[in-house]
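Subject: The structure I promised you

Hi,

Here is the structure for you to look through. Open it up, keep it beside this email, and follow along as I go through what turned up.

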Amino acid sequence: MAEKINLQEAVKRSVQTEKNAMDFYALGAKNMKNAEARKVFELLAREERDHARQFFDVYEGSDLSDFETFINAAPAKDGEWLSDMEKALISDFNERKAMELAMQKEQNLEKSLREMAAKIEDPQVKAVYEANAKSTHQHYELIESEYARLMGMVHETDIDTYVRE
């Protein structure tokens, strides 16, 4: 029985983490001057909302409000994601810094999701963690690609083009 309680507590924390990530990207997007970078962060905010929904749907507790009320609540002021974005906004915010912070956050989250998935026996909950870890890795790659574009770097998908020219 203790394992189930621990699993549900982990799922509840994951719901909150994904909401924190959504709020992080929404705040970042509002402060971006570059339209393409803003679109990337807006997309990521929507996807983090979807991740929160996936965890919410496997959460068996009754202490959370309905999903829409939960997801539309004010951001958690004590959340690490949001406090890191707020620090970046205070200290000479720019798209490069936001992207670097986002890549770091996504790498850490992917690692955490994979570690949790490895400990879970419940196949439905395990599948949610694994799917979110995979999506989180894709978020990292998307941010990395946008970062390369912003910085004027050659992205690995463009290497063949440049080699042939």
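Let's begin with Q138, which is partly exposed because its relative accessible area is 42%, between the 20% and 50% cut-offs for buried and exposed. You'll find Q138 in helix 6. Try locating E110 as well: Q138 and E110 are 28 residues apart in sequence, yet their C-alpha atoms are 9.8 Å apart in space. Before we go on, please keep in mind that this is a predicted model.

Two other spots are good for the same kind of exercise. E115 sits in helix 5, and it counts as partly exposed at 42% relative accessibility. Its C-alpha is 9.6 Å from that of E130, with their positions 15 residues apart in sequence. Then there is K30, in helix 1. K30 counts as exposed because its relative accessibility is 70%, and exposed means over 50%. From the C-alpha of K30 to that of E42 the separation is 8.7 Å, and the two residues are 12 apart along the chain.

Now step back to the whole protein. How many helices and strands are there in it? There are 7 helices and 0 strands, so the pattern read along the sequence is α-α-α-α-α-α-α. The protein has 165 residues, and 41% of them are buried. Take the contacts between residues at least 6 apart in sequence: 72% of those join residues at least 24 apart.

Next, the inside. In soluble globular proteins, nonpolar side chains tend to be buried together. Here the largest nonpolar core has 43 residues, and the ones with the most contacts inside it are V11, F24, Y25, F41 and Y129. Which elements give two or more residues to this core? They are helix 1 (2–30), helix 2 (35–58), helix 3 (67–71), helix 4 (80–90), helix 5 (95–119) and helix 6 (123–150).

Y129 is a good residue to click on. If you leave aside its neighbours within four places in sequence, Y129 is in contact with A10, V11, S14, F55, L113, M116, A117 and I120. V11 turns up in that list, and V11 is also among the core residues with the most contacts.

Then have a look at how two of the helices pack. Two packed helices are described by the angle between their axes and the distance between the axes. For helix 2 and helix 6, the axes come within 11 Å and cross at roughly 175°. That makes helix 2 roughly antiparallel to helix 6, because angles over 145 degrees count that way. Sorted by class, the contact of helix 2 with helix 6 has 12 nonpolar, 7 polar and 5 charged residues.

On to the charges. Side chains of opposite charge can pair when their charged atoms come close. A search of the whole structure finds 11 salt bridges, and here are some to try.

- E68 and R49: their side chains meet in a salt bridge, 2.6 Å from N to O. This pair links distant parts of the chain, with E68 in helix 3 and R49 in helix 2, 19 residues apart. E68 is partly exposed at 37% relative accessibility, and R49 is partly exposed as well, with a relative accessible area of 26%.
- K105 and D84: the closest N and O atoms of this salt bridge are 2.4 Å apart. Here too, distant parts of the chain are linked: K105 is in helix 5 and D84 in helix 4, 21 residues apart. Are these residues buried or exposed? Both K105 and D84 are buried.
- R96 and E100: in this salt bridge, the closest N and O atoms are 3.0 Å apart. Both residues lie in helix 5, 4 residues apart, which is about one turn of the helix. R96 is partly exposed, with a relative accessible area of 31%, and E100 is partly exposed with a relative accessible area of 31%. Elsewhere, salt bridges that share partners join E80, D84 and K105 into one network.

If you want a place to start, try the network of E80, D84 and K105, then go to Y129 and its contacts, F55 and L113 among them.

Have fun with it!

Key
Residues are numbered from 1 along each chain as its sequence is written. This is a predicted model: local features need pLDDT of at least 70, side-chain atom pairs count only at pLDDT 80 or more; totals for chains, interfaces and linings use all residues. Side-chain values use heavy atoms; hydrogens and water are left out. A nonpolar core is a set of buried Ala, Val, Leu, Ile, Met, Phe, Trp, Tyr and Cys residues joined through side-chain atoms within 4.5 Å. Buried means under 20% relative accessible area, exposed over 50%, partly exposed in between (1.4 Å probe, protein chains only). Contact means heavy atoms within 4.5 Å. Axes are lines fitted to C-alpha atoms, for helices over the stretch in contact, and angles run from 0 to 180 degrees between N-to-C directions. Angles under 35 degrees count as roughly parallel, over 145 as roughly antiparallel, 65 to 115 as roughly perpendicular and the rest as oblique. Ala, Val, Leu, Ile, Met, Phe, Trp, Tyr, Cys and Pro count as nonpolar, Asp, Glu, Lys and Arg as charged, and the others, Gly among them, as polar. A salt bridge is a side-chain nitrogen of Lys or Arg within 4 Å of a carboxyl oxygen of Asp or Glu.
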